[in-house]
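Hi,

Here is the structure I promised to pass on. Have a look at it first, and my notes come after.

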Amino acid sequence: MINIQDVTKIFSSKMGDVVALHELNMQIPDNKFVLIKGPSGCGKSTLLFTLGGLLKPSSGQVKVLGKEPFNMEEKERTAFLSSQVGFVFQSYHLIPYLTVLENILFSKNAGNKDVSEEQAQTLAEELNITDRLKHYPSELSIGEKQRVALARALIVKPELILADEPTGNLDPENTQVVLDHLRKFQQSGGSVVMVSHGNEADHLADCIISMKKGKITNIRTN
Ligand code: ADP
Ligand code: MG
């Protein structure tokens, strides 16, 4: 369950304050595929990072998987997030000086979960990147990079995957691969919250949250 109450996020800068999230409330049961949609700048990424315990709201409560990440000690929060929450970003965030295999294994021993090279091999087969395991990110196509990022998120078997426009740079074929795997993850018991500004995942979503200017304007349950 994700539960946020009166969440406001204000970014302060020399140019003045930006209210990125304005008194948001929502409750999402476990094991759903949730889509957050809205125009660029409406606060989608801010909301996702807040849900994922990475960005502390200026005010309000965030509860994820029964825990309140912002009320935890930093060490506890890191252990919780790295073992229970997987992140996938539009720009992959692969580590350039590690090979594909090393990138996939990067979250090895996160929390209390041991991750084996064998599991990495199995995931690589499923995601069709086996012949790239010894390559470096700069040698990969865009679609391959995103499949590696997905493998890295899936390998710790998190409870929740947060994906920020994971198909934003992909061709239709790779978009399908990424969506299929997110769907499969959810069908095997996980929860997915995905941000998108397109319609490619609408048909998969149990719930579509629409945002505008830092506010939730509509929640549609399919
Ligand atoms: P989206 O993901 O929907 O495109 P964001 O969540 O990235 O939107 O941003 C929401 C608003 O907050 C935007 O107006 C953006 O410029 C602003 N913003 C995001 N991050 C920062 C930051 N670190 N400092 C200042 N403003 C920010
Ligand atoms: Mg964004």
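Below are some conventions, then the ligand site, then the cores.

This is a predicted model, in which local features need pLDDT of at least 70 and side-chain atom pairs count only at pLDDT 80 or more, while totals for chains, interfaces and linings use all residues. Residues are numbered from 1 along each chain as its sequence is written, chains are lettered from A and ligands numbered from 1 in the order written, and side-chain values use heavy atoms, leaving out hydrogens and water.

Ligand 1 is surrounded by F11, V18, A20, P39, S40, G41, C42, G43, K44, S45 and T46 (a heavy atom within 4 Å of it). Helix α1 (44-51) and strand β2 (16-28) each supply at least two of this shell, and α1 gives the most, with three residues (helices are DSSP H or I runs of at least four residues, strands E runs of at least two, numbered from the N terminus). Oxygen atoms of ligand 1 lie 2.7 Å from a polar backbone atom of G41, 3.2 Å from a backbone N or O atom of C42 and 2.6 Å from a side-chain N or O atom of T46. The protein buries 59% of the 560 Å² that ligand 1 exposes when taken alone (Shrake-Rupley, 1.4 Å probe).

The largest nonpolar core (buried Ala, Val, Leu, Ile, Met, Phe, Trp, Tyr and Cys joined through side-chain atoms within 4.5 Å; buried is under 20% relative accessible area, 1.4 Å probe, protein chains only) has 38 residues, of which I104, I155, L182 and M194 touch the most other members. Helix α5 gives the most to this core, with six residues.

Best wishes

Technical notes:
Buried means under 20% relative accessible area, exposed over 50%, partly exposed in between (1.4 Å probe, protein chains only). A polar contact is a pair of N or O atoms within 3.5 Å; within protein, one must be able to donate a hydrogen and the other to accept it, and residues adjacent in sequence count only if both atoms are side-chain atoms.
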